[in-house]
Amino acid sequence: MDRQTLEAAATWYVQLNATPPSEAECKAHREWLAQHPRHRQAWARVERLQHQLGGLPADVALPALDGVRARRRVVLKTLGLLLASGAAGWASFDLAPKQGWLADQRTATGERRHLQLSDGSVLDLNTATAVDIRFDANLRQLQLHRGEILVRTAADPAGRPFVVHTAQGSVRALGTCFSVRCEGDSTQVAVLEDAVEVRAARQPNRAVRIGANQRVAVEAAAVGTPDTLPPGAGAWAQGMLTVIDWRLDAFIAELARYRPGYLKCADAVAGLRLSGAFRVDDTDIILENLGASLPIRVRYLSRYWARIEPA
């Protein structure tokens, strides 16, 4: 595949994702695809990367890119990924921290995994998660690089502590069931049973106890103020997303974690409210049902590009 065609595909990707495309832009994109088989092949490579990575560079998903130079930067980043994917494969460029790609256990976007650990504890991995498992004679430790896990600890005859580490801090189990989720510069800890001790990375000597049905945000500098756990927390381990009176934009943002590619909600319908229990294994059905129950429509540009808009 020649560089010029791949750069054109990268440019289209940025143009269609930086802001909601107009009908004229969608039509022009379809005409570009029809002009030559190479164009369709290049766009197919974009879609394969979307499927495998859950989207190309994260900054493309911003509502708008600031100026021509910013757009050009993202085009070149996307082009680099396309060139690398066709030439030397994933090892030739850095898509995520190396530890995440080499982790003991990983899940792809939309995938979940259920494991029993050597001590009898149970570990569930949510979508797009990477975790290392490090048990020795003194400690039972998990290193969560990205994503979300649910842990149900087992009693240990040797009395070894069970600790989950993230970039922002650590969580020590106190005979409990809890989840840990890494998002950007924050770690979210939710306790379903018993309690945990949470420490921020820069305050390792200050432990904050979080009890059952509580959650807390942890940043590297400090542990936040605990609040009440919402109903349905942890239901993802059974493949369910349970919401009560959520804003539509918040629901779509959560659903997007389980769906490769681009999924956003227009501002005009962002404030609609919904409640229900949804199976995350088939996001297409969820989107179809939303269209039947709310005054919205789902506009598809491709299998990996969907936007929620007013009906």
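# Close-up legends

**View 1. The lining of the second largest pocket divides into 12 nonpolar, 6 polar and 6 charged residues.** For this tally, Ala, Val, Leu, Ile, Met, Phe, Trp, Tyr, Cys and Pro go in as nonpolar, Asp, Glu, Lys and Arg as charged, and the others, Gly among them, as polar. Everything here comes from a predicted model, where local features need pLDDT of at least 70 and side-chain atom pairs count only at pLDDT 80 or more, while totals for chains, interfaces and linings use all residues. Residues are numbered from 1 along each chain as its sequence is written, and side-chain values use heavy atoms, with hydrogens and water left out.

**View 2. Which residues lie nearest the centre of the second largest pocket?** They are E148, R181, R215, P230 and E254, from a lining of 24 residues. The volume of this pocket comes to about 520 Å³. A pocket here is an open set of points on a 1 Å grid over the protein atoms alone, where a 1.4 Å probe fits and protein lies on both sides within 12 Å along at least five of seven lines; a lining residue has an atom within 4 Å of a point. Points are joined across faces, edges and corners, and the volume is the space filled by probe spheres set on them. Why bother with a probe? Rolling one the size of a water molecule over the atoms shows where empty space is left.

**View 3. Strands and domains both feed the lining of the second largest pocket.** At least two lining residues come from each of β8 (177-183), β9 (186-193) and β14 (240-247). β14 gives the most, with 4 residues. Domain 2 (105-228) and domain 3 (239-310) each put in at least three; the domain bounds come from an automatic or database domain assignment. Strands (E, at least two residues) and helices (H or I, at least four) are DSSP runs, numbered from the N terminus.

**View 4. S179 sits in strand β8.** Is S179 buried or exposed? S179 counts as buried because its relative accessibility is 7%; the cut-offs are under 20% relative accessible area for buried, over 50% for exposed, and partly exposed in between (1.4 Å probe, protein chains only). Skip the neighbours within four places in sequence, and S179 is in contact (heavy atoms within 4.5 Å) with E148, I149, L150, Q188, V189 and A190. One of these, E148, is also among the residues nearest the centre of the second largest pocket.

**View 5. V223 is a buried loop residue.** The loop in question runs between β12 (214-218) and β13 (227-228). V223 has 12% relative accessibility, so it counts as buried. Ignoring residues up to four places away in sequence, V223 touches V198, R199, A200, V208, V216, A217 and V218. R199 is 24 residues away from V223 along the chain, yet their C-alpha atoms are 6.7 Å apart.

**View 6. L174 and D194 are in contact.** L174 is in the loop between β7 (169-173) and β8, and D194 is in the loop between β9 and β10 (195-200). Beyond its neighbours within four places in sequence, L174 is in contact with A195, V196, E197 and R209 as well as D194. L174 and F162 are 12 residues apart along the chain, with 8.1 Å between their C-alpha atoms. Both loop residues count as partly exposed, L174 at 30% and D194 at 45%. D194 isn't a glycine, but its phi is positive, near 60 degrees.

**View 7. A128 has a positive phi too, about 50 degrees, although it isn't a glycine.** Look for A128 in the loop between β3 (122-125) and β4 (130-135). Its relative accessible area is 26%, so A128 is partly exposed.

**View 8. T5 is tucked into the buried set from helix α1 (residues 3-18).** T5 counts as buried because its relative accessibility is 8%. Apart from residues up to four places away in sequence, T5 touches W32, R38, H39 and A42.

**View 9. C182 and C265 are both buried cysteines.** Their relative accessible areas are 16% for C182 and 14% for C265. How many disulfides does the structure hold? The count is 0, taking a disulfide as a pair of cysteine sulfur atoms within 2.5 Å.

**View 10. The chain behind these close-ups has 7 helices and 18 strands.** Of its 311 residues, 46% count as buried. Among contacts between residues at least 6 apart in sequence, 51% join residues at least 24 apart.
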